[in-house]
Amino acid sequence: MRLAFISDLHGNIHALTAVKRFLSEHIVNQVIVVGDLVGYGASPGPVIDFVKREGWVTGLGSSDMRVAMELGDRADRKGVADQVLNWTKKMLAPEQVDFLRRLPPGGRITTPIGRVRYFHGSPHDPEARLDLMAQERELEALAETLGARVVVVGGSHVPFVRVIGETTFVDPGSVGLTLNHEPGADVAIVDCVGRKPKVSLHKVTYDFASSAFDIMAWNLPPVIADVIRTGRMG
């Protein structure tokens, strides 16, 4: 059983279409989106429609929640992320907002090696951030609580794998706004066969110049275009 995990799509349709081409060449049983379809990128509506059309299993991200739910309103904030989220709210059709609103905070998958759990931030809060560099005993306790052999989280925009005891922790990185100092779209593939899961992290090339151009064309903060082109913040 082979699962593909992607996260933090952030309205980048150029990156997302490249990921689909990549996955067509690396046969997987299921694609799981670990939240944040919107935010930062210039194509939030097309990204939502794309994921919906593909029928990929999808969880709620923190940016999705901020856009879709009244409790997430931060109109008084002036950071780059908040500027784009306020713009995103104006760009989405009601049915696209409704799609985000209906997303679950995470999920679980039963595989031949055991349970796989995924969520954007923490099991019940997309805005919380699970620190995969935390002390081993903290992550061991979480793995025991979840009863999971694989735990997949998003939000850092940096691909990462850590094995603690019998549990493998994975952050697939970001499709739309990677921050590991190399432009491209991040994908994690988890092979759930044998005694232990096997995780491979991939960097998918795409037309990031066009994504950066879209940012500028919509008068979104130019720093986002810089991050897309370089894979680094600042």
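Student: How do β4 and β5 pair, parallel or antiparallel?

Tutor: In this predicted model, β4 and β5 pair in the antiparallel sense, and 6 bridges hold the count between them. The two strands form a hairpin, with 2 residues between them, and within that pairing Gly 107 stands opposite Tyr 118 of β5.

Student: And which residue is the bridge partner of Tyr 118 in β6?

Tutor: That partner is Val 152. Strand β5, residues 114–119, and strand β6, residues 150–153, pair in the parallel sense over 4 bridges.

Student: OK, so what is the order of the strands in the whole sheet?

Tutor: The sheet is open and has 5 strands, which run in the order β4-β5-β6-β8-β7 with mixed pairing. Because β4 (106–111) and β7 (160–164) stand at the edges and have a single partner strand each, one side of each is left without a neighbour in the sheet. From one strand to the next, the twist averages 15°.

Student: Which helix packs on the sheet?

Tutor: Helix α6, residues 136–146, packs there and touches β5, β6, β7 and β8 (167–171), while its direction makes about 85° with that of β7.

Student: Switching topic, how many salt bridges are there?

Tutor: The count comes to 8 salt bridges. One of them is formed by the side chains of Asp 191 and Arg 2, at 2.7 Å from N to O, and this pair links distant parts of the chain, since Asp 191 lies in strand β9 (residues 185–191) and Arg 2 in strand β1 (residues 2–6), 189 residues apart.

Student: Is Asp 191 buried or exposed?

Tutor: Asp 191 is buried, because its relative accessible area is 17% and buried means under 20%. Its partner Arg 2 counts as partly exposed, with a relative accessibility of 29%.

Student: What about Asp 226, which side chain does that one meet in a salt bridge?

Tutor: Asp 226 meets Arg 229, again in a salt bridge, with 2.7 Å from N to O. These two residues are 3 apart in helix α8, so about one helical turn separates them. Asp 226 counts as partly exposed at 38% relative accessibility, and Arg 229 is likewise partly exposed at 38%.

Student: Which residues do salt bridges with shared partners join into one network?

Tutor: Asp 98, Arg 101 and Arg 102 are joined in that way. Within this network, the side chains of Arg 101 and Asp 98 meet at 3.8 Å, N to O, and both residues lie in helix α5 (residues 94–101), 3 residues apart, which is about one turn of the helix.

Student: Back to α8, where is the nonpolar patch that Val 223 belongs to?

Tutor: The patch is on the surface, where Val 223 joins Val 80 and Met 233, and together they have about 230 Å² of accessible area. Val 223 itself is found in helix α8, residues 222–230, and counts as partly exposed at 33% relative accessibility. Pro 222 also has its place in α8, and Pro 222 is partly exposed, with 46% relative accessibility.

Student: Last one: what is Ser 62 in contact with?

Tutor: Leaving aside neighbours within four places in sequence, Ser 62 is in contact with Asp 36, His 120, Pro 126 and Glu 127. Ser 62 has its place in helix α3, residues 62–68, and counts as buried at 18% relative accessibility.

Methods
Residues numbered from 1 in each chain as written. Predicted model: local features only at pLDDT ≥ 70, side-chain atom pairs only at ≥ 80, totals over all residues. Heavy atoms only, no water. Patch = residues over 30% accessible without salt bridge, like charges linked within 9 Å, V, L, I, M, F, W, Y side chains within 5 Å. Areas by Shrake-Rupley, 256 points an atom, 1.4 Å probe, with all protein chains shown as cover. Salt bridge = Lys/Arg side-chain N within 4 Å of Asp/Glu carboxyl O. Buried < 20%, exposed > 50% of the residue type's maximum accessible area, 1.4 Å probe, protein only. Pairing = 2+ DSSP bridges. Axes fitted to C-alpha atoms, helices over the stretch in contact; angles between N-to-C directions. Contact = heavy atoms within 4.5 Å.
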